[in-house]
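User: I want to learn how to read a fold from its coordinates. Please take me through one example, feature by feature.

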Amino acid sequence: MIDIHSHILPGIDDGAQSEIDSLQMARAAVNEGITKLVATPHHRNGKYDNERDSIVRWVDTLNELILKEGIPLTVLPGQETRINGDMIAELEDEVILPINHTKYVFVEFPSDHVPRYASQMLFDIQVAGYIPIIVHPERNQELIEHPTRLYEFVKKGALTQVTAASVVGKFGKNIQKFSGQIIEANLTHFIASDAHNTSSRGFAMNEAFQLIQNDYGDDYVNIFLENSELLIDNQNVNRMEPSNIKRKKFLGLF
Ligand code: FE
């Protein structure tokens with residue numbers, strides 16, 4: 001299994017704080033059946049500033065350590081890029097690091113809203129030759145209240161990644177229900193852990209795929225697993241026809 005979103009690099013964001021933490025996460029990932037793990041440290045998040053070159057160096061260092069410890073895991077370079085007005089220039093300047101040097105770029109919204117310029121920026125990213133992947137839309141307050149905005153982003157070519165822990169209810173019932181609706185409406189393309197540690201923000205990938213298999217069927221599991229493989233190989237991923245989440249239906253859940 002490939003996990004495309006994690007905070008395993010030590011001491012550079014709110015994920016692993018030391019090499020010991022990183023190795024503990026690497027072992028936990030292997031226990032989940034993960035063979036390749038993309039390290040996606042926060043790019044710029046108020047507190048952190050992680051640019052392409054330094055991330056690539058950290059990934060090399062951690063892979064050497066993991067190899068020395070005999071852990072069967074490969075870490076790949078990536079970045080959880082916070083949406084900002086300079087993304088096109090930052091892609092050109094190689095400040096932004098697309099996932100495993102592919103055409104796929106993570107885009108993180110602030111948790112409480114979607115910036116007004118988001119639609120234009122997601123378009124501009126595609127014009128520049130990249131494919132934006134909106135990370136954890138199920139945890140964004142504005143998208144929870146206005147799911148049609150998510151539908152419009154996907155309709156216009158953006159991909160999305162839902163977090164495994166959201167699917168299994170670790171962020172609460174409402175986010176779990178919204179995650180399920182996003183899956184059913186074909187508004188997401190990847191399931192990933194966004195693991196920060198091995199306790200409060202662990203992997204939960206097996207648990208999530210088990211639930212998806214039970215509640216939504218094998219096809220979804222297979223598509224999600226395959227999409228993560230296609231992504232890191234810079235291939236086109238599977239997209240199913242998206243549908244809109246009806247707000248009325250959504251309100252009915254509360
Ligand atoms: Fe993250």
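Analyst: Begin with secondary structure. Helices and strands here are DSSP runs, at least four residues for a helix and at least two for a strand, numbered from the N terminus. By that rule, Asp 124 sits in helix H4, which spans residues 118-127. Keep in mind that this is a predicted model.

User: How many helices and strands are there in the protein chain?

Analyst: The protein chain has eleven helices and seven strands.

User: What does the radius of gyration say about the protein chain?

Analyst: Set the value against the one for a compact globule. For 254 residues that reference is near 18 Å, and the protein chain has 17 Å, so the two agree. The box gives the extents along the principal axes: the C-alpha atoms fill roughly 55 × 40 × 30 Å.

User: What share of the residues is buried?

Analyst: Buried means under 20% relative accessible area. In the protein chain, 54% of the 254 residues meet that mark. The exposed surface comes to about 11200 Å², with 46% of it supplied by carbon and sulfur atoms.

User: Which share of the contacts joins residues at least 24 apart?

Analyst: Contact means heavy atoms within 4.5 Å. Take the contacts between residues at least 6 apart in sequence: 76% of them join residues at least 24 apart.

User: Show me single pairs. What separates the C-alpha atoms of Asp 124 and Ile 88?

Analyst: The separation is 7.4 Å, while the two residues are 36 apart along the chain. Add the exposure of Asp 124. With 25% relative accessibility, Asp 124 is partly exposed.

User: And where is Leu 211?

Analyst: Leu 211 is in helix H9. Val 168 lies 43 residues away in sequence, yet the C-alpha to C-alpha distance is 7.1 Å. Setting aside residues up to four places away, Leu 211 touches Val 167, Val 168, Gln 176 and Tyr 216.

User: Now backbone angles. Which value does phi take in Asn 186?

Analyst: Look for a positive phi outside glycine. Asn 186 is such a case, with phi near 55 degrees. Asn 186 belongs to the loop between helix H8 (173-184) and strand E7 (190-192). Asn 186 has a relative accessible area of 14%, so this residue is buried.

User: Is Ala 204 buried or exposed?

Analyst: Ala 204 is buried, at 10% relative accessibility. Phi of Ala 204 is also positive, near 55 degrees. Ala 204 lies in the loop between E7 and helix H9 (205-216).

User: What is Ala 204 in contact with, beyond four places in sequence?

Analyst: Its partners are Glu 32, Ala 164, Ala 165, Val 168 and Lys 170. For a distance, take Ala 192: twelve residues away in sequence, and 9.0 Å away from C-alpha to C-alpha.

User: On to pockets. What volume has the largest pocket?

Analyst: Read three things for a pocket: volume, lining and chemical class. The largest pocket has about 230 Å³. Its lining counts 18 residues, and those nearest the centre are Arg 82, Glu 108, Ser 111, His 136 and Arg 139. By class, the lining has eight charged, six polar and four nonpolar residues.

User: Which residues line the second largest pocket?

Analyst: The lining consists of Val 114, Pro 115, Arg 116, Ser 119, Glu 142, Arg 149, Glu 152, Phe 153 and Lys 156. Five of these are charged, three nonpolar and one polar. Helix H6 (residues 147-155) gives the largest share, three residues. The space in the second largest pocket is about 160 Å³.

Key. Residues numbered from 1 in each chain as written. Predicted model: local features only at pLDDT ≥ 70, side-chain atom pairs only at ≥ 80, totals over all residues. Heavy atoms only, no water. 1 Å grid on protein atoms, 1.4 Å probe; cavity = no way out; pocket = protein on both sides within 12 Å on 5 of 7 lines; lining within 4 Å. Points joined across faces, edges and corners; volume = space filled by probe spheres on them. Nonpolar A, V, L, I, M, F, W, Y, C, P; charged D, E, K, R; others polar. Rg over C-alpha atoms; globule rule 2.2 N^0.38 Å. Buried < 20%, exposed > 50% of the residue type's maximum accessible area, 1.4 Å probe, protein only. Areas by Shrake-Rupley, 256 points an atom, 1.4 Å probe, with all protein chains shown as cover.
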